[in-house]
Amino acid sequence: MSQSSKDAILKNNQKVVAAGKIAREQRSPYREINQHLDRIKHLAKEPLSVAVMGEFSAGKSSFLNRLLNRALLPTSILPKTATLTRLVWGEEAKVTLCYRAGDKPRTKQISLEEFNQLQTASQISNPLFQQELDEIEEVQVAVNDPTLKSFHLLDTPGFNHDNLMDAKTQAIAKVADILIWLADCIQPFKQTEYEQLEHLHKLGKPIWLVINKGDVNINSDQEHREAVERLREQLKESGFDRFFRSDEILLISSKEQQGIWDGHFVSARAHLKERILTQDMSLSSELIDVQWQQLTKCLEAETQRYKQLAGWLNVWQRLLNIEQQFNLAKRPDKALLDAFRALHHALDQRFDDANKHNRHASSIPSLNAFTMACTQSGLDAALEHTQRAYQSFFAQWQCNWLSQLRERLDTMDGLIPESEQTLKALISKIRSWLSLISTDSFKPDQTYNLPALRQSVEMLDHLGIQFGAIKWKFTDVLSDGVLGIFMQGTDFDLKRYRESMFNQALSADWKHDMASLAATPLLSKLTQAMEQHCTSRTQFLAVAMDIVEGVK
């Protein structure tokens, strides 16, 4: 079936239509969702990719050459030259090198002879050649074969040689649609194969089994039949059967064409064509169903993710709300309370000194000023002591607050998808800032001026000194903080009023210092970015889930 016919039929598939609607609802890239949407679009429009996989030197290139009856792919290649080779349809045979080049793909056409040199590493000692080889993402070989109009055949580097080749082959498996596992008849169903197949099986793609190199120990049809039965039993006993589409054993030799082996390969080719290479419509529809299920699960998981993220963002915002943090914070500790008592005592001492001075007032103004300046030192010392106590108290609160910020930041970071690099980078900056400020907060030269408290002390000191010998009567402390004077009422309690003023001043200074810390631009920038991100994602996911429900 031509690709235009496939597209015309599958474009009306309910899940393909729904996937298109979800894609159009996006306002910003969403990698976790797009990988499923792109797969559905690919399955509906493009040739299916059949990847031949197995361990290194399993005979994958030789198998593909025999499958297409053409000597296209070089064999006996070195691990360093192994790369993805994609067999595609083309009217004329040609080889195209596709390079990794970021947003601008780069390609170069070479001859089949040059391709053979590339794979067999005739120039492997040339550093420029090795550099070019490392930059190649895949090699496309165009072949005039009708099968390749509906299917691309992928020759892969292979497993179990080194970690780099394993990673390359696993990456290919993720983008392939169908897998053919080529096993070695000499050592089939090894533990290393089981581990790789278990990983491939989780991708949810159909896998067919072909066993190669049967010619090594088998010389007759009778031996072939016995070997097939033996391999079928081993397949079940080893647990490998759960990975494959069927328990059919295709025992072949990709290289040997004499005797019994040509007929067995022809039979295997016919089987693969019947089950795979002529079933592009049914396989595409089946794979679209599988991909739709994965898309649905992904949308559900993402919806849950952003519910959790919105909840933790709310906790984060409460940490930055100074009024809430002030109400939740612990009250002044013993050291700060002791400092306030010392401050009260210093003011009382100044009050007493003022009374004595008023009773024995000197007629010399300069002497009066000198006397009062001498008594100022005790009050200044009490203020400095209070400031140090407050600094220690605030540092403890700050340490606890920063610790909570760090914990919430780590939680949100764990919920944010890895693809959101901008948010991740901003969180990294804030984490560095938190580490820095946590260290700086305990430096002895960091001070807090307590401007509101100093102003209150100055006013109370002035009130005590100037009017200490006068009996004042006040009705009350009004709501605006102004004292009603010369009105009928009770004796004014200066000590109680002083305590009230101290508490108000401390609250004002504490809130100011808290607000200065919370007003750090990085924190507000992250909060705003997180709000926008969560809102955008939540709205999109709600619409996407409505579309999914419509398909169900």
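Here are some friendly notes on a predicted model, moving from its sheet to its helices, rings and loops.

1. A good place to start is the sheet. This open sheet has nine strands with mixed pairing, and they run in the order β4-β3-β5-β2-β6-β1-β7-β8-β9. If you look at its edges, you will find β4 (106-110) and β9 (250-251). Each of these has a single partner strand, so one side of β4 and one side of β9 are left without a neighbour in the sheet.

2. Next, look inside the sheet at β2 (residues 85-89) and β6. These two strands pair in the antiparallel sense, over three bridges. To follow the pairing by residue, begin at L87, whose bridge partner in β6 is L153.

3. Which helix packs on the sheet and touches β1, β6, β7 and β8? That is α11, covering residues 280-320. Its contacts include β1 (48-53) and β8 (207-212), and the direction of α11 makes about 90° with that of β1.

4. Helix α11 also has a helical partner, α2 (residues 14-24). The two pack at an angle of about 35°, and their axes are 10 Å apart. Their crossing is left-handed. To view the contact, show K15, V16, A18, A19 and I22 on the α2 side, then I288, D289, W292, L295 and L299 on the α11 side.

5. Now for the aromatic rings. A search of the whole structure gives 14 aromatic pairs. One of them joins F159 and W181, which are stacked at 6.0 Å centre to centre with 25° between the planes. This pair links distant parts of the chain: F159 belongs to the loop between β6 (151-155) and α7 (163-175), while W181 is in strand β7 (residues 178-184), 22 residues apart. Are these two residues buried or exposed? Both F159 and W181 are buried.

6. Some rings gather in a group. One aromatic cluster is formed by F326, Y390, F393, F394, W397, W401 and W510. A charged residue also meets a member of this cluster: R331 lies over the face of F326, 5.0 Å from the ring centre. Another arginine to look at is R106, whose charged end sits over the ring of Y99, at 4.0 Å from its centre.

7. Two loop residues deserve a look for their backbone angles. Most residues other than glycine have a negative phi. For N69, however, phi is positive, near 55°. This residue lies in the loop between α4 (60-68) and β2. N69 has a relative accessible area of 59%, so it counts as exposed.

8. The second of these residues is K213. Its phi is also positive, near 65°, and its place is the loop between β8 and α9 (221-237). With a relative accessible area of 26%, K213 is partly exposed.

9. A last stop is S254, in the loop between β9 and α10 (261-277). Why does S254 count as buried? The reason is its relative accessibility of 4%, because buried means under 20%. Leaving aside residues up to four places away in sequence, S254 touches G59, S62, F63, R66, N212 and F265.

Methods:
Residues numbered from 1 in each chain as written. Predicted model: local features only at pLDDT ≥ 70, side-chain atom pairs only at ≥ 80, totals over all residues. Heavy atoms only, no water. Phe/Tyr/Trp six-rings, centres within 6.5 Å; stacked < 30°, edge-to-face > 60°. Helix = DSSP H or I, 4+ residues; strand = E, 2+ residues; numbered from the N terminus. Buried < 20%, exposed > 50% of the residue type's maximum accessible area, 1.4 Å probe, protein only. Lys NZ or Arg CZ within 6 Å of the ring centre and 35° of its normal. Pairing = 2+ DSSP bridges. Contact = heavy atoms within 4.5 Å. Axes fitted to C-alpha atoms, helices over the stretch in contact; angles between N-to-C directions. Left-handed = near helix turned anticlockwise from the far one by under 90°.
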